[in-house]
Amino acid sequence: MGKNKPEDREYDVVNKSLTKVDGKALVNGKPVFAGDYEYRDGLVAGILSSPKAHAEIVNIDTSKAKKVDGVVSILHHGNVDRAPHTTAGQGYPEPSPYDAYIFDNRVRYVGDRVAAVAGESREAVNEGLSKIDVEYRELDPVFDPKKSRDTTVLIHDEEDSTGIYDPERNIAANVDIEIGDPEKVISQSDVVVEEKCRTQFAQHTPIEPHVTTAYLDEHDRLIVKTSTQVPFHVRRILAQVLEVPISRIRVIKPRIGGGFGVKQEFMLEDITSLFALRTGRPVTMYYSREEEFISSRCRHPMEVEVTLGADKEGKLEAIKMKVLSNTGAYGTHSLTVLSNVGSKTLPLYNEASDLHFFGDAVYTNLPVPGAYRGYGAPQGYFPLEFAMEKLAEKVGKDPIEIRKLNHIREGETSPIFEKLGEGKEGTVQYINSCRLDECIDRGAREIGWKLRDEKQASNPHRKKGFGMAINMQGSGIPLIDMAAARLKLNEDGSFNLYVGATDLGTGSDTVLSQIAAEVLGVELDDIIVYSSDTDFTPFDSGAYASSTTYVSGNAVRKAAEKAKDRIVEVFAKRYDEDPEEITWTRGIIKGANNERSLQEFALSLTSGDMETNQEQIEVTASEVPEESPPPFAANFVELEVDIRTGEIDLQRYVSAVDCGTAINPNLAEGQMEGAIVNGIGYALTEEMEFNESGRMTNPSFFNYKVPNTEDIPEIKVILVESSEPTGPMGAKSVGEIGINGPIPAIANAVRDATGIELTTPPFTPEKVWKKMKAERDKA
């Protein structure tokens, strides 16, 4: 790390592991999260959720609840206007169907909204909720996505919902992209590999659940302080459903205690805002852990089939991918997650010239999936990388060799880039930076790949295995995402940096400040960053799609360059210098005949001791990316399987990643490590479980198992630097790619150790033991 600087450039602030700008406030326990603030005369609110998976609400009687001491206001479908919308925090016009309502006269899953109560205390709210009498007419539920398209039960037959692909067949979204004639090519291929894998419901489990407070300021404007990844999208959707002008709404994003995609959603802002408007008082609402599991969002379960056609040497000729995605009761993110299953995976192996990607996202009466780190890519990489392992075996090649033979390289493209974007056609794109071969080589050396056959298990009851997987992701959504940044020069030479980008704990405030400081030739401490306030910061699409460093970072870079250019211009005019001869080095501005510190010059711009050229220097810049340069990663696993119990002992995990220039290497490694652990949980332990009535049976950390420190293996992240010419200082994204590797790498390692094929995570000891027993019984 640090020896191969992009273009041999040495940076002063960028590419340094500097301390996070918000670190001190966090370790000192300052009130920085949405739930940390107290409001005078404030109310609390709670939701009555449905105990039924599918039912019509015949009647709601709130008379008893209204009599509860401390209950102030009650909302339900009978007293709230019906406004179709999507809860997906996406750019307008959203590619998700408008199939959601603040309250509806129908519930579609256990946990759906029925009513809400605001009161003086949590006790009053809970008692009020318990005294609301609801009469339901139960409807037949649909839990199996395979049956959803062919049943007479319709989940969204309301007339005012729009954007649903085929409501008569419960299909929320569909994608069908064909390039060439893959069916014919595969029929003539020397080697054909078919694989089908299923992935499960899983929840993001952020430490901080959803928290929102809404209140009216002294001008009766609606102020919403909320734990969101997408403050500007929240403001727009809130204005839509409340029929309030955007100018009357301010959304503030404080520090967030984890998001991972679950907070790229419009969740509690509508109810708290309605209560605030009706009562004139601040209203705070938060999800309990159980509500976070059941009523927020989760990952889309999928069944994905992959067919590979290759020549006898293993060079791919065609790939088919077929997807059935379960979008639960509502279609939020249904089309875009489905699209990403193909768009983030198929370009990796661009040697295959003939391609077919087909998918349906179908409604069921189960909880609602949404955005989740990886956003469809983990579901696609599992069967693809599992199939590549089998292809290597069939043609007698090392798994590394088969991947090097087929993966995309610098200067190359894939037709998928143009044909398949997020919910619509994409854009033509060529790979400008790719060090994937180096990632593979360095990861293989670290794990001891060449010596793997010589390594023995720790005891006779265990079998050792090694596995690998490679993947790519993206950096924002081209021609859709937009970010802006504003810089203001202060009298002491410091700068205020205003960004709409949303720091989720990822360190984006720090990374963006480093980019600004590098361009402006100042220290990190000279940048005062303020983010995510729709009144004061410029627009940003939000923190999703691995966009912040690349898209928001480019906006910051442009703004810093404009600020620097303007300072030089004013300096030249004031001191009669040639702008071309002015240099700027670490806070010192030099002309041919004049030299000033930035602090001295900044003070003079607003002081009265100069006759001319007093000026407040403040600039704004925007960025709309034309492409989405992918990071690349090679993942390697060493594990042992206990043949008596089926337990998987994950011993080492190595991931070598090309994310361009790492703006802050420690933060980049932290993002990778977090994503890897997230993926390990998805592979080995995490699954939302349901009973026959559609109710989640394990909505707590007691019985929904996320990895703890004892479960985490030795993890080694290797940053393999490239230089992305379109990125700020050569940077690409790093936030999501790490989650794509664990499931296929672990499955391949278990297959290497035992010969069994695991196709349905989580890979619990019971599943592994049963598979091994079945193989023994066959023999």
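## A briefing on loops, domains and a helix

P93 sits in the loop that runs between β3 (71-76) and β4 (106-107). That is a good place to start, since a cis peptide bond joins P93 to Y92. Please keep in mind as you look around that this is a predicted model. The chain is divided into domain 1 (34-139 + 204-295), domain 2 (432-474 + 626-779) and domain 3 (482-623).

**Backbone points to look at**

- At the peptide bond between Y92 and P93, omega is about -5°.
- A cis peptide bond also joins P761 and P762, with omega about 0°.
- To find P762, go to the loop between α18 (742-754) and α19 (765-778).
- A545 is a residue other than glycine with a positive phi, near 60°.
- The place to look for A545 is the loop between β19 (527-531) and α15.
- As background, most residues other than glycine have a negative phi, and most peptide bonds are trans.

**Helix α15**

- Helix α15 covers residues 548-575, which makes 28 residues.
- From its first C-alpha to its last, α15 reaches 39 Å, close to the 40 Å expected at 1.5 Å a residue.
- Right after α15 comes D576, and its phi is positive, near 55°.
- If you are tracing side chains along a helix, it helps to know that an α-helix has 3.6 residues a turn, so residues three or four places apart point the same way.

**Where domain 2 meets domain 3**

- The centres of domain 2 and domain 3, taken over C-alpha atoms, are 40 Å apart.
- Contact between them involves 18 residues of domain 2 and 15 residues of domain 3.
- Together the two domains bury about 1,200 Å², and 63% of that area is on carbon and sulfur atoms.
- On the domain 2 side, the residues that lose the most area to domain 3 are I663, P728 and M729, which together give 41% of what that side buries.
- Five residue pairs are in polar contact across this interface, while the count of salt bridges between domain 2 and domain 3 is zero.
- The residues of domain 2 that touch domain 3 comprise six nonpolar, eight polar and four charged.

**Salt bridges**

- Side chains of opposite charge can pair when their charged atoms come close.
- The count of salt bridges comes to 57.
- One of them is formed by D270 and R113, whose closest N and O atoms are 2.8 Å apart.
- This pair links distant parts of the chain, with the two positions 157 residues apart in numbering: D270 belongs to helix α7 (residues 269-279) and R113 to strand β5 (residues 113-119).

Terms used:
Residues numbered from 1 in each chain as written. Predicted model: local features only at pLDDT ≥ 70, side-chain atom pairs only at ≥ 80, totals over all residues. Heavy atoms only, no water. Domains from an automatic or database assignment. Contact = heavy atoms within 4.5 Å. Buried area = accessible area lost by both parts, 1.4 Å probe. Salt bridge = Lys/Arg side-chain N within 4 Å of Asp/Glu carboxyl O. Polar contact = N/O pair within 3.5 Å; in protein donor to acceptor, adjacent residues only side chain to side chain. Nonpolar A, V, L, I, M, F, W, Y, C, P; charged D, E, K, R; others polar. Helix = DSSP H or I, 4+ residues; strand = E, 2+ residues; numbered from the N terminus. Expected span 1.5 Å × (residues − 1).
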